[in-house]
Amino acid sequence: MTIDTLIIGAGAAGLMAAVWAGRTAPHQRLVVLDGARKLGAKILVAGGGRCNVTHHTVQASDYAGSTQPAIRNILRRFDVPQTIQFFRELGVELKQEETGKLFPTTDNARTVLDALLTAARQAGADIRHPYRVSQVERLPSGEFKVGGEWGSLTTRRLILATGGRSLPKSGSDGMGYRFATALGHSLTPHIFPALVPLTLPPNHFLCALSGLASPATLTVQSGTGKNLAQFTNAVLCTHFGLSGPGVLDISRHWIEAHTADSRTRLLINWLPQYTSESLEAVFLAATRSTPFQMVRDWLPERLARALCETADLPPHLPANQLPRAQRKALVQQLTAYPLPLVGHRGYTHAEVTAGGVPLSELHLKTLESRLCPDLYLCGEICDVDGRIGGFNFQWAWAEWFCGGGGKGRGRMTKRRMTNLSPLYPYSLALPFSLLLALFHLVAHGRERATYQQHHPHHHPAKIGDKLANDFPLASKRIAKAAVENQPQ
Ligand SMILES: Cc1cc2nc3c(=O)[nH]c(=O)nc-3n(C[C@H](O)[C@H](O)[C@H](O)COP(=O)(O)OP(=O)(O)OC[C@H]3O[C@@H](n4cnc5c(N)ncnc54)[C@H](O)[C@@H]3O)c2cc1C
């Protein structure tokens, strides 16, 4: 039996696509296959088990990969208020934290996963797992054959929601890229871990500060000295190097630029409130305090001590009396220290994957492939990755219309989103009117016969007018047409 819509992947993007595909065409055969023994691993681990569902403001500039206009085009289809409303309707209330991140009020990612699974099943999705797909091919008939150790299925429409390569033990190991290329798609030249911790040489002094966190500004600087990307957020020292939101956010920019040019540097400013110039001016004005006494006021003591010791300062000299070269070296150490990175922690520790199928190969209104009709792609498999804070899930939710869920509907309004359910009243309006008209004809056939008997010169159209007047719910045209089609 041929399936109407088959989705590979029951992660955030696949479940969202299932909900809307099922709601928009309720009677289709809709199957979701996932290779994982336990569904929704990434939703469950997200946000430290609380699931950071979205962010209070989401813009294209919060994402990298593809092009900003293409990303904006998709994001505006389903904005944050619509995400909040969607989850509210599923029974999941979201709360906003000071950082702008939104979490379920239960502080439990399970609430989000269960709600999505229930909504997908209620929309008619048959979710099967563990059903790992190892082969996808297009048949001469135009249908797709999807197979694995469990057997095979044929489907008219195929949605690839297989994610990227991050956290491979969750089931997302990049197999989807193979399916996409087998069906004619290309991939970006580089696919690499993003939102990933970065590593330092094992004996680096920052590794010895494991567990210490401090806000800092991180800047990716090209070999020619151009600033390519910058983030200010908490940086966490670990036994292998650096992590924390600031490092995770900058990681994809450093990896991308460093792969292209090994002279690329990542500079850290431990005192984001100062530039090199303003900090030097502060030191020059300090006649009593030693640099360490000053830095200790701004940074955690262990970090302040480590930074000053590495700069090899004379212990009791006030800051304004430091020799020029030492003052400059200290200022650089504090505000523009080039981190001697040796790599990153790889897909096992990455939250997302950068690169993938270019958005230019998809119709942005439907996410249907431009190269392979009836194939759709959504979620992390596409060449888009967001920063820390709920942006990656928002990307998955925003692609609700994948698989034709929003075909021809343009931007979804709140009312449309709320009403788009199997009981969507407008979809019932026409058949209801027709039924009503039929009922009128049958129920009032006798009355009409009597009427004609007593008014033999009246034209049948007038009878239609009378019926329509008597029964305003049945449109005048339907009633009239029905009467005209009656054998005279
Ligand atoms: C530790 C961690 C924490 C995170 N926290 C957050 C957060 O708080 N907020 C946020 O916005 N983002 C967060 N993310 C990122 C977010 O989880 C992902 O961007 C998002 O889950 C991507 O959704 P997706 O549906 O595209 O892919 P995935 O969630 O990866 O889902 C893909 C699904 O496809 C299935 N699959 C893959 N290949 C096959 C195959 N061959 N056959 C059958 N099934 C297959 C997989 O089993 C998987 O279930 C986090 C990620 C990680 C790893």
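What follows walks through a predicted model, beginning with the strands that pair with β10 and ending with the residues around the ligand.

A convenient place to start is strand β10, which covers residues 151-160. On one side of the pairing scheme is strand β1, residues 2-8, which runs parallel to β10 and is joined to it by six bridges. To find this pairing in the coordinates, one can look for Ile3, which stands opposite Thr155 in β10.

The pairing with strand β9, residues 144-148, is of the antiparallel kind, and here five bridges connect the strand to β10. Within this pair, Gly147 has Ser152 of β10 as its bridge partner, and the two strands β9 and β10 make up a hairpin in which two residues lie between them.

Strand β10 also pairs with strand β22, residues 375-377, in the parallel sense and over three bridges. In this case Leu158 is matched with Leu375, its bridge partner in β22.

From the strands the reader may turn to the ligand, which has 37 residues around it, and of these Gly9, Gly11, Gly163, Gly171 and Gly379 come nearest. Four elements each give two or more residues to this shell, namely α1 (12-24), α2 (41-49), α6 (175-182) and α12 (391-398). As for the chemical character of the shell around the ligand, its residues divide into 17 that are nonpolar, 15 that are polar and five that are charged, with glycine counted among the polar residues in this division.

Terms used:
Residues numbered from 1 in each chain as written. Predicted model: local features only at pLDDT ≥ 70, side-chain atom pairs only at ≥ 80, totals over all residues. Near = placed C-beta within 6 Å. Pairing = 2+ DSSP bridges.
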